[in-house]
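Colleague: I'd like to learn how to read a structure like this one. Could you walk me through it?

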Amino acid sequence: MDNQDNSIQMQLEKTNRILLKKLERCQNERRQLETDIATKEFLLKKVICELEESQTDLQYRGQELENTLDSLHKMQAQMIQSEKMSALGQMVAGIAHEINNPVSFIYGNISHISQYTHDLLRLVQLYHRYFPNPPVEIQSERKTIDLEFLEKDAIMVLHSMNIGTERIRDIVLSLRNFSRLDESEFKAVDIHEGIDNTLMILQHRLKATDKNPAIQVIRDYGNLSHVECCAGQINQVFMNILVNALDALEEFNTKRTYQEIRDNPSRIMISTSVVDSQWIKIAIADNGSGIPESIQKKIFNPFFTTKPVGKGTGMGMAISYQIITEKHGGKLEFFSTPGKGTEFVLQIPIQQQV
Ligand SMILES: Nc1ncnc2c1ncn2[C@@H]1O[C@H](COP(=O)(O)OP(=O)(O)OP(=O)(O)O)[C@@H](O)[C@H]1O
Ligand SMILES: [Mg+2]
């Protein structure tokens, strides 16, 4: 029995040793596994971190690309606008140049023809005084041409020809001034001349049509001295604001009857004034459709337009804002009441800060 007990105990001890060894091996393996897992977890975290970083980087780059695309769009539209204005300027300058010569011939000769007509009429009167009873043929010719009427009318015709050619000369001069679009340097200029020249170019849109009576332009010019600015660019701003006003008036009139338009005629009011020793102010108002409150914040945004495709690029106001605020250090703002009209107010320094 003792022997048997001993043998069982030895057997048990052996099994115990084996089990302890196995346990130790298992513990070693578990520790190894734990270290492996920790390393893998660390690696995984690192990879996730790197992925997150590259995602942020990608987002940043995407944003950068979007910004670049945006400024490219802006630049393109600005180039189109300035190309448009410079093409208009070149065309206007070309026409002005071509008209200038023939008009000068006429204008230069009117004083001579006027003098000759006066002389001839005086001679005819002298003949009449000394030969009151000319032969029948002369008497009949005198009746045919209605000499009394001719004498009075010839002077009036010459007078209106003179006024007409003077007007054409003024127009040519205005066209020439307007076409100073390429001038990009600052010069002291007459702001009123710029506004008048721009209105002259837009004359065709102010005239009465079979649908609409003429648009009234009311000018209330203050006593401005010359203002140091880029004439071409400032003219471009006047052009943009006035064309928008005309568009708004036209749009408003499509919703009104002829009678309603006659009772409350379309009007553009332009006033200029001196604010103080350093600033001048120009206000251009229309009594057109006005700007709905919901879009007022977007007016100066590039590409914002409410006009049909192909009519507006939505760059007019964005460029005007840039010209006034950035280029001239001025201010451009507007006030609008839907259904009543809109007023754009621009302020520019009389002299540029060096
Ligand atoms: N006087 C105004 N009355 C009513 N709406 C106006 C007036 N001026 C500007 N707007 C509004 O502001 C928008 C933007 O004007 P902006 O001059 O920038 O672009 P546009 O006239 O649409 O196109 P374009 O680039 O050809 O000038 C216009 O589409 C119009 O809705
Ligand atoms: Mg416009």
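Modeller: Start with burial: a residue is buried if 20 or more other C-beta atoms lie within 10 Å of its own, exposed if 12 or fewer, and partly exposed in between, with C-beta atoms placed from the backbone. Take Q233 here: it is buried because 21 other C-beta atoms lie within 10 Å. Keep in mind that this is a predicted model, where local features need pLDDT of at least 70 and side-chain atom pairs count only at pLDDT 80 or more, while totals for chains, interfaces and linings use all residues. Residues are numbered from 1 along each chain as its sequence is written, and chains are lettered from A and ligands numbered from 1 in the order in which they are written.

Colleague: How much of the protein is buried?

Modeller: Buried residues come to 19% of the 354 residues. For overall shape, use the radius of gyration, taken over C-alpha atoms and set against a globule rule of 2.2 Å times the number of residues to the power 0.38. A compact globule of 354 residues would come out near 20 Å, but this protein has 43 Å. Its C-alpha trace spans about 190 × 45 × 45 Å along the principal axes.

Colleague: Which secondary structure elements does the protein have?

Modeller: Elements are DSSP runs numbered from the N terminus: helices are H or I with at least four residues, strands are E with at least two. By that count there are eight helices and seven strands. Helix α1 covers residues 2-130 and holds I113; H118 is in α1 too.

Colleague: Are those two buried or exposed?

Modeller: In between. I113 counts as partly exposed because it has 14 C-beta neighbours inside 10 Å, and H118 gets the partly exposed label because it has 13. C-alpha to C-alpha, I113 is 8.3 Å from L158, 45 residues away in sequence. H118 and E151, 33 residues apart in sequence, are 9.1 Å apart.

Colleague: And where is Q233, and what does Q233 touch?

Modeller: Q233 is in helix α6. Contact means that two C-beta atoms, placed from the backbone, lie within 7 Å. Leaving out residues up to four places away in sequence, Q233 touches I323 and K327.

Colleague: How do α6 and α8 pack?

Modeller: Fit axes to C-alpha atoms over the stretch in contact, then take the angle between N-to-C directions, from 0 to 180 degrees. For α6 (residues 231-254) and α8 (residues 316-327) the angle is about 145°, with the axes 9 Å apart. Among the residues that meet are V237 and I241 in α6 and M317 and I324 in α8. By class, that contact has five nonpolar, six polar and one charged residues. Here Ala, Val, Leu, Ile, Met, Phe, Trp, Tyr, Cys and Pro count as nonpolar, Asp, Glu, Lys and Arg as charged, and the others, Gly among them, as polar.

Colleague: What surrounds ligand 1?

Modeller: A residue is near a molecule if its C-beta atom, placed from the backbone, lies within 6 Å of it. Ligand 1 is surrounded by 21 residues, the closest being A248, T305, G312, G316 and M317. Both α6 and α8 give two or more residues to that shell, and the largest share, four residues, comes from α6. The shell has eight nonpolar, 11 polar and two charged residues.

Colleague: Which backbone angle deserves a look?

Modeller: Most residues other than glycine have a negative phi. D146 has a positive phi of about 50°, though it is not a glycine. D146 is in the loop between α2 (136-144) and α3 (147-178), and counts as exposed because it has 11 C-beta neighbours inside 10 Å.
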